[in-house]
Amino acid sequence: MATLLVKNAAVIVTMDDQRREIPQGAIFIRDGWIEEVGPSAAVTQEADEVLDLENHLLLPGLINTHHHFYQTLTRAIPAAQDADLFQWLKTLYPIWAGLTPEDIRISTQLALAELALSGCTTASDHLYIYPNGCRLDDQIEAAQQMGMRLHASRGSMSLGESKGGLPPDSVVEAEQAILKDTRRLIESYHDPEPGSMLQIVVAPCSPFSVTPDLMRQAAAIARSYGVRMHTHLAETLDEERFCLDEFGHRPLAYAEELDWAGDDVWFAHAVHINPDEVERMAKARIGVAHCPSSNMRLASGIAPIRRFLSAGVAVGLGVDGSASNDSSHMLAEVRQAFLLSRVGSAAAPEIDDSAHLLTARQALELATIGGAQVLGRTDVGSLEPGKCADFVAIDLDRLEYAGAMHDPAAAAVLCASVTVDYNYVQGKPVVYEGRLLPVEIETLVERHNRAAHRLTNGA
Ligand SMILES: [Zn+2]
């Protein structure tokens, strides 16, 4: 039995049911699980290892609910900088067609490195393009070296241009092959147990890149194994028009018709969702991965986050792919969610709730317990006895937080977004004294830049 005492934190933001914030706090951990949380003086003092976090803010590990790791290879592509979603995708699909298994591995590690340093301990990725022998296994193997929790989505595209879809035919797959591979991955890797480091998600890409039949069959497979379902939905007005033209429904009604409603479903974006649809999502207990940076970058719109929260919809945060955010910074995403909601309240009161403002703590909730709920996890997202010891700590003695010491928890949201000094997953360090432990960053960046150069120049 290995024990770890984390003590003297300036404040612990627990995100427990009472939303306790404990000054001079400590956590006692045994074999990666939290046994005690409280004031330092009240927690068991004898431990195999002691981490003294004096003058540090201690938060639950942040949870990223939507990403496309491979897109770190195509950040800031000039031709895709000033495009909306459909034009952006059409510019990037031919480049992504050159992805190799090694590219998947390098980009997975790079994205996870950036996520870890920005406070993330659990990441969900949506990989939906598999050219040149790429497999989800490539991502899973690369992620295992990083020591973080992964929810790996078996994404897919099957509706090519010749059949009325958006992606070129060269990057879509046959539906039977998709479904067979989905079953293989679930049976090979999915771990539903508490403390799970790896779960598989069933995730056809979007209404304009897969067929209704694949959506229906994917849902049936997911439910037969008890795994979760994820897709992009209601991201842009282009998509809404596509759904109305092709299927005669708005995006949510389209999803509902295909059995994509339930507490095992979460949608990325959910921007163009009207008040009636918010209520339907709440009733069906569908979750949302809110991706504010991406929604701003692609001029997609403002998701009705306050309205979702008032209705009881579970909302998590997603940095989204690094071609539509150009960053995988979790704390920055918390800040963006906070700021964009404020813009929404002022500029678009008809779509969001103008009577209330999203608070800094609510923004942190999205990235912690909100994300855990969206991913269907009760073992992470808060710091309380019985939960996984997933936590991050930020040294408060820093330029960015100067003048904000009356409220360190709010500083993490309101002040400039920083990298964390400690990141522990299941009681094991991934970041220690500001240094990422699993991989050497300089080497990784060099390999990643080489891969990005090859990929984008070959297009
Ligand atoms: Zn996405």
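Is His66 buried or exposed? His66 counts as buried, because its relative accessibility is 1% and the cut-off for burial is under 20%. The model is a predicted one. His66 is a good place to enter it.

Start with the metal. His66 coordinates a zinc ion through NE2. Three further residues complete the list of donors: His68 and His232, each through NE2, and Asp320 through OD. The distances run from 2.1 to 2.4 Å. Along the chain, the donors are spaced as H-x1-H-x163-H-x87-D. Two of them tie distant parts of the chain together: His66 and His232 are 166 residues apart. His66 sits in the loop between strand E6 (62–64) and helix H1 (85–96). His232 belongs to strand E10, residues 228–233. His232 is buried too, because its relative accessibility is 8%.

Now the geometry. Ideal angles are 109.5 degrees for four tetrahedral donors. Here the four donor atoms subtend angles of 87 to 173 degrees, so the arrangement around the zinc ion is irregular. A tetrahedral label would need all angles between 85 and 135 degrees.

Next comes another histidine, His126. This residue is found in strand E7, residues 120–127. With a relative accessible area of 0%, His126 is buried. Its contacts, leaving aside neighbours within four places in sequence, include the zinc donors His66, His68 and His232. His67, His230 and Thr231 are also in contact with His126. So are Ser153, Gly155, Ala203, Pro204 and Cys205.

His232 also leads to empty space. The whole structure holds two cavities of 30 Å³ or more. The largest cavity contains about 120 Å³ of space. It is lined by 17 residues, and His232 is among the closest to its centre, together with Leu85, Trp88, Leu89 and Tyr128. Helix H1 provides the largest share of this lining, with four residues.

Trp88 carries the path onward, into the nonpolar core. The largest such core has 125 residues. Trp88, Trp96, Met281 and Phe308 touch the most other members. Helix H2, residues 101–117, gives the most to this core, with nine residues. What does Trp96 touch, beyond residues up to four places away in sequence? Its partners are Tyr70, Gln71, Thr74, Trp88, Leu89, Tyr128, Ile129, Pro131 and Ala323. Trp88, Leu89 and Tyr128 appear here again, after the cavity lining. Another core lies apart from the largest one. This other core has 18 residues, among them Leu4, Val6, Leu383 and Tyr424.

Between H1 and H2 runs a loop, and Thr100 lies in it. Thr100 counts as partly exposed, because its relative accessibility is 23%. Outside its neighbours within four places in sequence, Thr100 is in contact with Cys134 and Arg454. Asp138 is 38 residues from Thr100 in sequence. In space, the two are 9.7 Å apart, C-alpha to C-alpha.

Finish at the largest pocket. How much volume does the largest pocket have? Its volume is about 340 Å³. The lining consists of 22 residues. Arg19, Glu365, Ile369, Gly370 and Gln373 are the closest to the centre. Helix H12, residues 360–374, gives the most to this lining, with seven residues.

Technical notes. Residues numbered from 1 in each chain as written. Predicted model: local features only at pLDDT ≥ 70, side-chain atom pairs only at ≥ 80, totals over all residues. Heavy atoms only, no water. Donors = N, O, S within 2.8 Å, 3.2 Å for Na, K, Ca; no water. Tetrahedral: all angles 85-135°; square planar, octahedral: opposite > 155°, others 65-115°. Helix = DSSP H or I, 4+ residues; strand = E, 2+ residues; numbered from the N terminus. Buried < 20%, exposed > 50% of the residue type's maximum accessible area, 1.4 Å probe, protein only. Core = buried A, V, L, I, M, F, W, Y, C linked by side-chain atoms within 4.5 Å. Contact = heavy atoms within 4.5 Å. 1 Å grid on protein atoms, 1.4 Å probe; cavity = no way out; pocket = protein on both sides within 12 Å on 5 of 7 lines; lining within 4 Å. Points joined across faces, edges and corners; volume = space filled by probe spheres on them.
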